[in-house]
There are 2 protein chains.
Amino acid sequence: MELDDTLVALADETRRSILKRLSNGDARVTELAAPFDISLNSVSKHIRILERAGLVRRRIAGRDHFLSLDPAPLDAAAAWLQRERAAWETRLDKLEAALRAEDAIDKARTRSRRKP
Amino acid sequence: MELDDTLVALADETRRSILKRLSNGDARVTELAAPFDISLNSVSKHIRILERAGLVRRRIAGRDHFLSLDPAPLDAAAAWLQRERAAWETRLDKLEAALRAEDAIDKARTRSRRKP
């Protein structure tokens, strides 16, 4: 599922740093790897995860691989989160109202039983 | 990092279904497992991932474990996504403007060179 790929891709600090770097402009793999204290191979794996999620695009020019940012999947994930949050809120509010109503009925019953 | 835990927890359809079910009210582990064609053990693992992310809380009453939804980490993740999205947008817009300006300068130069 696309949403899964996006969320997994975003769930890592190194990958979020790569995306932030790309938001300042296209970059080669070696340029992206420079600030990290990890192997070029590890950085390549992170980039592949970002590509699979559609967050990063690759343009090949001769020997150079230029990477660029595509924020579209982020929009989809943000929209999903907001929709889900709103739906949960509504259901939790209804649930709370139902529990309060039940509680009020119980209290009213207890009071009426106590009456002489 | 908390954001990592939240995003990983949300990046799975079974776990998203569990959260949706809990937004309709608290449930026991066995009740949560019922609609899924996977072992109780697998469901328990999913629940632990959701608990680690703070999206699910557990209340133990005798032998019963009641699970409830806590939407707070979802808010934090949604806020992060929106903030990041806005920042990328701004940087990408500036980048595009800079590239267009450069392009316009190049064209102007070419035109002035062509002049007799």
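I take two strands as paired if DSSP finds at least two bridges between them, and with that in hand I went through this predicted model.

**Confidence**

I looked up the scores before the geometry, and the model has ipTM 0.73 and pTM 0.78. For chain A I noted a mean pLDDT of 89, with 97% of its residues at 70 or more. Within chain A, I found confidence highest in helix α4 (residues 40–52), at a mean of 95, and lowest in helix α5 (residues 72–114), at 85. I keep in mind that where pLDDT is low, the predicted coordinates should not be read in detail.

**Hairpin in chain B**

I turned to β2(B) and β3(B), which form a hairpin with two residues between them, and in the turn I read a positive phi of about 65 degrees for G62(B). Strand β2 (residues 56–61) and strand β3 (residues 64–69) of chain B run antiparallel and are joined by six bridges; on checking the register I found V56(B) opposite L69(B) in β3(B).

**Hairpin and sheet in chain A**

In chain A I found β2(A) and β3(A) in a hairpin with two residues between the strands, where G62(A) in the turn has a positive phi of about 65 degrees. Six bridges join β2 (residues 56–61) to β3 (residues 64–69) of chain A, the two running antiparallel, and I located I60(A) opposite H65(A) in β3(A).

I then followed the sheet outward and recorded an open arrangement of three strands in chain A, in the order β1-β3-β2, with antiparallel pairing. Its edge strands are β1 (27–28) and β2 of chain A, each of which pairs on one side only. Between β1(A) and β3(A), which run antiparallel, I noted two bridges, and R28(A) stands opposite F66(A) in β3(A). Across β1, β2 and β3 of chain A lies helix α2 (residues 13–22), which I found running at about 95 degrees to β3(A).

**Helix crossing between the chains**

Last, I examined α5(A) against helix α5 (residues 72–114) of chain B, whose axes come within 10 Å and cross at roughly 150 degrees. I therefore enter α5(A) as roughly antiparallel to α5(B), since angles over 145 degrees count as such. The crossing of α5(A) past α5(B) is left-handed. Among the residues making the contact I listed L74(A), L81(A), R85(A) and W88(A) from α5(A), and L74(B), L81(B), R85(B) and W88(B) from α5(B). Sorting the residues of this contact by type, I recorded 10 nonpolar, two polar and four charged.

Conventions
Residues numbered from 1 in each chain as written. Chains lettered and ligands numbered in written order. Predicted model: local features only at pLDDT ≥ 70, side-chain atom pairs only at ≥ 80, totals over all residues. Heavy atoms only, no water. Helix = DSSP H or I, 4+ residues; strand = E, 2+ residues; numbered from the N terminus. pLDDT = per-residue confidence, 0-100. Axes fitted to C-alpha atoms, helices over the stretch in contact; angles between N-to-C directions. Parallel < 35°, antiparallel > 145°, perpendicular 65-115°, else oblique. Left-handed = near helix turned anticlockwise from the far one by under 90°. Contact = heavy atoms within 4.5 Å. Nonpolar A, V, L, I, M, F, W, Y, C, P; charged D, E, K, R; others polar.
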